[in-house]
Amino acid sequence: MNKDLCKRMAMVCVGTLIMGFAVSLSVYARLGTDPCTCMNTGLAHLLGMSFGVWQLIMNSIVLVFTFFFARDKIGFGTIVNMVAIGFLVDFFSWLYTFFLPPEPPLYLRIACMLLGIGILAFTAALYMYPDLGVSPYDSIGFILARFLHAQYRWCRIGYDVTAVLLGAFFGGVAGIGTVITAFCMGPLIKFFGDRMPKWFPLEGKPPMSK
């Protein structure tokens, strides 16, 4: 295994770990989570499952569509993200019960929401950048971009808005954080993705496709 591949795998693992932390911050803030989490928390509550278990089930279902329509997006990063992210959110949320107030003041909720959104966009770009696969949820944006011949950022916005509507219908917590994430996540991922080659140079790796 060469050094470049090891570096790529490390970026995927670190990105996924920090992404779990970012999502848990949004959950703790209770001002609205990212669209995927909004949808899955609603469904998990409806089905009486933990977030981590349902997230894994949902990712497995979406992975079937990814296999047929965007097989090139499946890789090491796909497996790491789909298996780990939900349980990482559960883990960090559990840790907060020891260190953070159960009823946080508004300023702390806002701070956690904004920090969570920023970190989530950065880590999404970080784990996509090595080209070792993306999460099943993220792959839908690429599938839409290919079939619609549109930019990824706009497909991501449309897909995220749909996920929010589904999440709200099933009882997920939607709020200002959800709205900001739904409309800003695609452009923010593109922003960070274009800068990854400068920050973390990899052999023959250009910026994320437009």
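**Questions on a predicted model**

Student: Does Leu 95, at 24% relative accessibility, count as buried, partly exposed or exposed, and which is the right label?
Tutor: This is a predicted model. Leu 95 lies in helix 4. Buried means under 20% and exposed means over 50%. At 24%, Leu 95 falls in between, so Leu 95 counts as partly exposed.

Student: How far apart are the C-alpha atoms of Leu 95 and Tyr 159?
Tutor: Along the chain, Leu 95 and Tyr 159 are 64 residues apart. In space, their C-alpha atoms are separated by 31 Å.

Student: What pattern does the protein follow along the sequence?
Tutor: The protein has eight helices and zero strands. Read along the sequence, that gives α-α-α-α-α-α-α-α.

Student: What radius of gyration does the globule rule give for 210 residues?
Tutor: The protein itself has a radius of gyration of 16 Å. That is close to the rule's value, so the protein is as compact as a globular protein of that length. For 210 residues the globule rule gives 17 Å.

Student: What does the C-alpha trace span along its principal axes?
Tutor: There is one span for each of the principal axes. The C-alpha trace spans about 50 × 35 × 25 Å.

Student: What share of the contacts with a separation of 6 or more comes from residues 24 or more positions apart?
Tutor: Count the contacts with a separation of 6 or more. Then take those between residues 24 or more positions apart. They account for 76%.

Student: Of the area the protein exposes, how much do carbon and sulfur atoms supply?
Tutor: Of the 210 residues, 50% count as buried. The protein still exposes about 10,200 Å². Of that area, carbon and sulfur atoms supply 74%.

Student: Which helix supplies the largest share of the largest nonpolar core?
Tutor: That core has 35 residues, and Met 19, Cys 112 and Leu 120 are among those with the most contacts inside it. Helix 1, helix 4, helix 5 and helix 8 each supply at least two of its residues. The largest share is twelve residues, and it comes from helix 5.

Student: Which residues does Cys 112 touch, not counting those up to four places away in sequence?
Tutor: Cys 112 is one of the residues with the most contacts inside the largest core. With its sequence neighbours set aside, Cys 112 touches Leu 25, Tyr 28 and Ala 29.

Student: How many residues does the second, separate core have?
Tutor: In soluble globular proteins, nonpolar side chains tend to be buried together. The second core includes Ala 44, Val 62, Ile 143 and Ala 163. Its number of residues is 13.

Student: How far apart are the end C-alpha atoms of helix 6?
Tutor: Helix 6 has 13 residues, 136-148. At 1.5 Å a residue, the helix should span 18 Å. The model agrees with that, because the end C-alpha atoms are 19 Å apart.

Student: Which helices do the buried residues of helix 6 pack against?
Tutor: Pro 136, Tyr 137 and Phe 142 are among the buried residues of helix 6. Ile 143 is also buried, and it belongs to the second core. The buried residues of helix 6 pack against helix 2, helix 3, helix 4, helix 5 and helix 7.

Student: Is His 149 buried or exposed?
Tutor: His 149 follows helix 6 and lies in the loop between helix 6 and helix 7. Its phi is positive, near 55°. Exposed means over 50%. At 73% relative accessible area, His 149 is therefore exposed.

Student: What is the phi of Asp 131?
Tutor: Most residues other than glycine have a negative phi. Asp 131 is found in the loop between helix 5 and helix 6, and at 52% relative accessibility it counts as exposed. Asp 131 is not a glycine, although its phi is positive, about 60°.

Student: Which residues is Gly 75 in contact with, leaving aside its neighbours within four places in sequence?
Tutor: Gly 75 sits in the loop between helix 3 and helix 4. Its C-alpha atom is separated from that of Leu 56 by 16 Å. Beyond its sequence neighbours, Gly 75 is in contact with Leu 132 and Gly 133.

Student: Which side chain makes a polar contact with the side chain of Asp 4?
Tutor: Asp 4 lies in helix 1. Asp 4 is buried, with a relative accessible area of 16%. Leaving aside neighbours within four places, Asp 4 is in contact with Leu 202 and Glu 203. At 2.7 Å, its polar contact is with the side chain of Arg 8.

Technical notes:
Residues are numbered from 1 along each chain as its sequence is written. This is a predicted model: local features need pLDDT of at least 70, side-chain atom pairs count only at pLDDT 80 or more; totals for chains, interfaces and linings use all residues. Side-chain values use heavy atoms; hydrogens and water are left out. A nonpolar core is a set of buried Ala, Val, Leu, Ile, Met, Phe, Trp, Tyr and Cys residues joined through side-chain atoms within 4.5 Å. Buried means under 20% relative accessible area, exposed over 50%, partly exposed in between (1.4 Å probe, protein chains only). Helices (H or I, at least four residues) and strands (E, at least two) are DSSP runs, numbered from the N terminus. Contact means heavy atoms within 4.5 Å. The expected span of a helix is 1.5 Å times one less than its number of residues. A polar contact is a pair of N or O atoms within 3.5 Å; within protein, one must be able to donate a hydrogen and the other to accept it, and residues adjacent in sequence count only if both atoms are side-chain atoms. The radius of gyration is taken over C-alpha atoms; the globule rule is 2.2 Å times the number of residues to the power 0.38. Accessible areas come from the Shrake-Rupley method with a 1.4 Å probe; for residues, only the protein chains shown count as cover.
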